[in-house]
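Here's a quick tour of one protein chain, with an eye on its helices and charged pairs. Have a look at the model first, then read on.

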Amino acid sequence: MRTKSVGKKKINVVTLGCSKNVYDSEVLMSQLKANGKEVVHEDRGDIVVINTCGFIDNAKEESINTILDYVDAKNRGEVEKVFVTGCLSERYKPDLIKEIPDVDQYFGTRDLPVLLKHLGADYKHELVGERLTTTPKHYAYLKISEGCDRPCSFCAIPLMRGGHVSTPIEKLVTEAQKLAKKGTKELILIAQDLTYYGLDLYKKRALGDLLKELVKVEGVEWIRLHYAFPSGFPEDVLDIIREEPKVCNYIDIPLQHINSDLLKSMKRGTTHEKTDALLGKFREKVPDMAIRTTLIVGYPGETEERFQELKDWVREQKFDRLGCFTYSHEENTTAHVLEDDIPQEVKEARVEEIMELQSQISWEKNQEKIGKVFRCIFDRKEGNYFIGRTEYDSPDVDNTVLVSAEDTYISIGEFADVKITSAEEFDLYGELL
């Protein structure tokens, strides 16, 4: 017989993986709070809900280790219950139940109402758009769609997140208005694929239409675009980026590779030539735009010659921001039938080569900023510095602007004009004007 109700317990939500998971955790926490539950994020609690990532090997390993850590804590009596949700649980639930049976319950990515029931809470439909944000209050992620319809051969996301489903524009505007009232000044638009937004609801690519409505939200000063797919990119969005001051001159567009044969095997729907043409269009329409991309090295069939083509292209394109990952051989993806023929040490060496090259490019670009003035938003104070960002930088993944805190005070979450005085590979140093 249960002597204590779940309502008396503190629920600790632990988030692993990408910004989409951050968003999902925030929705869960908002629902719990509305049900009168005491909820914390990555703090001490009687009940733990782990929102997992199952995308690539490193992420899966982190998720499993975190689950094991909390199961150990449960066995020591430090927590009472451990629940697991998110992508890893969606993808590997039968295996997880077998291998880690001490978890009280596993839930998939679309099981929020069921998870809430197990936590003694009801799903409240009237809370759609409400979130208990875990980011600093001046910026927030806005997830505009769920799932993905793209057939990329290396990617397991459709297996975990399902097909593409856009959120209607009016719901997103309402959510943005609620965030703005709480002090959010920067919206970071996220999805598995921004480019596809609206096709299911409006029978056309409607990212531009969404942006036109979001810029009307009072209090929001920056809107940033993350995770746009290159194939079928809606070009009207470039005109909006150029003409609308609130939309940052920034885009995150994962290109993955440049060799046409590998792009075909990856099922990316593009070629070397088409990719170059798209990037040329970006720079022609928005000359001041910072382009962030991510690349995969070590994909099956990536010969030394094909890797060299990638390196030459990175050197030629001079991306403002770039991330690079080793190929992960994921079961149930179409690439899994290919031979994973690049040794892990070669994959890792190739990542290092790309990132060393990008480090030099970033250093050169940062040197050009010395003496210039940028409007920055300040996220936090660390040691003797206030840490801020320009419109060309997204939190956690891009460059930062450091201003000495010894003789200056800056309110966190506020904008300020900064003159850049010196620069390193990934950091700019400046003084307030």
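Which side chain meets Lys347 in a salt bridge?

## A first charged pair

It's Asp340, with an N to O distance of 3.0 Å. Keep in mind that this is a predicted model. Lys347 is buried, at a relative accessible area of 2%, while Asp340 is partly exposed at 32%.

## Domains

The domain assignment splits the protein into domain 1 (11-126), domain 2 (135-368) and domain 3 (372-432). Between the C-alpha centres of domain 1 and domain 3 there are 35 Å.

## Helix α11

Helix α11 covers residues 272-285, and its 14 residues should span 20 Å at 1.5 Å a residue; the end C-alpha atoms are indeed 20 Å apart. Its buried residues include His272, Leu278 and Phe282. Seen down the axis, the buried residues of α11 fall within an arc of 130°, so they line one face of the helix.

Turned away from that buried side are the exposed Glu273, Lys274 and Glu284. Among the elements covering the buried residues of α11 are α9, β11 and α12.

## Salt bridges across the sequence

The count of salt bridges comes to 38. One of them joins the side chains of Lys185 and Glu414 at 3.0 Å, N to O. Lys185 sits in the loop between α6 and β9 and Glu414 in the loop between β16 and β17, so the pair ties together parts 229 residues apart in sequence.

Arg389 and Glu186 also meet in a salt bridge, at 2.7 Å. This pair links strand β15 to strand β9, 203 residues apart. Arg389 is buried at 1% relative accessible area, and Glu186 is buried at 0%. Elsewhere, a network of salt bridges links Asp57, Lys60, Arg91, Glu330 and Glu331.

Key
Residues are numbered from 1 along each chain as its sequence is written. This is a predicted model: local features need pLDDT of at least 70, side-chain atom pairs count only at pLDDT 80 or more; totals for chains, interfaces and linings use all residues. Side-chain values use heavy atoms; hydrogens and water are left out. Domain bounds come from an automatic or database domain assignment. Helices (H or I, at least four residues) and strands (E, at least two) are DSSP runs, numbered from the N terminus. The expected span of a helix is 1.5 Å times one less than its number of residues. Buried means under 20% relative accessible area, exposed over 50%, partly exposed in between (1.4 Å probe, protein chains only). The arc is that of the directions from the helix axis to the C-beta atoms. Contact means heavy atoms within 4.5 Å. A salt bridge is a side-chain nitrogen of Lys or Arg within 4 Å of a carboxyl oxygen of Asp or Glu.
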